[in-house]
Amino acid sequence: MPSAGPRNLPCVTTFVWIAVAVVAIALYLSWTAGRLDRLHTRIDAARAALDAQLLRRASVTQELATSGVLDPAASIVLYQAAHAARQAEEEQREVAESELSQALRAVFGEAAQVEAVREAPGGEDAAGELAAAVRRVPMARRFHNDAVRAARALRRHRTVRWFRLAGHAPFPLAFEMDDEPPVALADRPGS
């Protein structure tokens, strides 16, 4: 009587290959979910850095506006725009920050205004601090938006959608604002 072992060999081999395929798919899904989680963490960190830079820019602007270095009209324009940016609700934040950028360009659009600030007592430090804050905002926004773009690209993959690997995380949104610095501040050497 022949043994039952050789006839079951193809069946066992099939089950082994199915198990290997299931493990490989599970590993891929786990790796993808981990990658997506890391991207969401990166977005959160980049958003915190962007918020810090926006707050710093608004604070330095308010400080400069109340220092008495600028003429009264420029001081009022900058103070109001900076105050609005600091107090804006999340839905209005992009607009308020864009208006602050526009106010900074209006006041510091010419190098003569920056030179007038630099010549005032304490003005050199204030102008340098504002120039640094104004330059850091576009970089922070770029890092945030790059992280958002990468997460969006991954979340659009069919595998991520079909297996709901993003969980309940909200779809990441880019921070769109006018962040072009005034030329006179952006080109300050040594700041």
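Which residues line the largest cavity? Arg 57, Ser 101, Leu 104, Val 134, Asp 179, Glu 180, Pro 181 and Pro 182 do. This is a predicted model, in which local features need pLDDT of at least 70 and side-chain atom pairs count only at pLDDT 80 or more, while totals for chains, interfaces and linings use all residues. Residues are numbered from 1 along each chain as its sequence is written, and side-chain values use heavy atoms, with hydrogens and water left out.

**Cavity**
- The whole structure holds 1 cavity of 30 Å³ or more (a set of points on a 1 Å grid over the protein atoms alone where a 1.4 Å probe fits but cannot get out; lining residues have an atom within 4 Å of a point).
- The volume of the largest cavity, the space filled by probe spheres set on the points, is about 30 Å³.
- Its lining comprises 4 nonpolar residues (Ala, Val, Leu, Ile, Met, Phe, Trp, Tyr, Cys and Pro), 3 charged (Asp, Glu, Lys and Arg) and 1 polar (the others, Gly among them).

**Pocket**
- The largest pocket (an open set with protein on both sides within 12 Å along at least five of seven lines) has about 340 Å³ of space.
- Of its 16 lining residues, Arg 47, His 144, Phe 171, Pro 172 and Leu 173 lie nearest the centre.
- The lining divides into 9 nonpolar, 5 charged and 2 polar residues.
- At least two lining residues come from each of helix 1 (5-65) and helix 5 (123-155), helices being DSSP runs of H or I with at least four residues, numbered from the N terminus.
- Helix 1 gives the most, with 4 residues.
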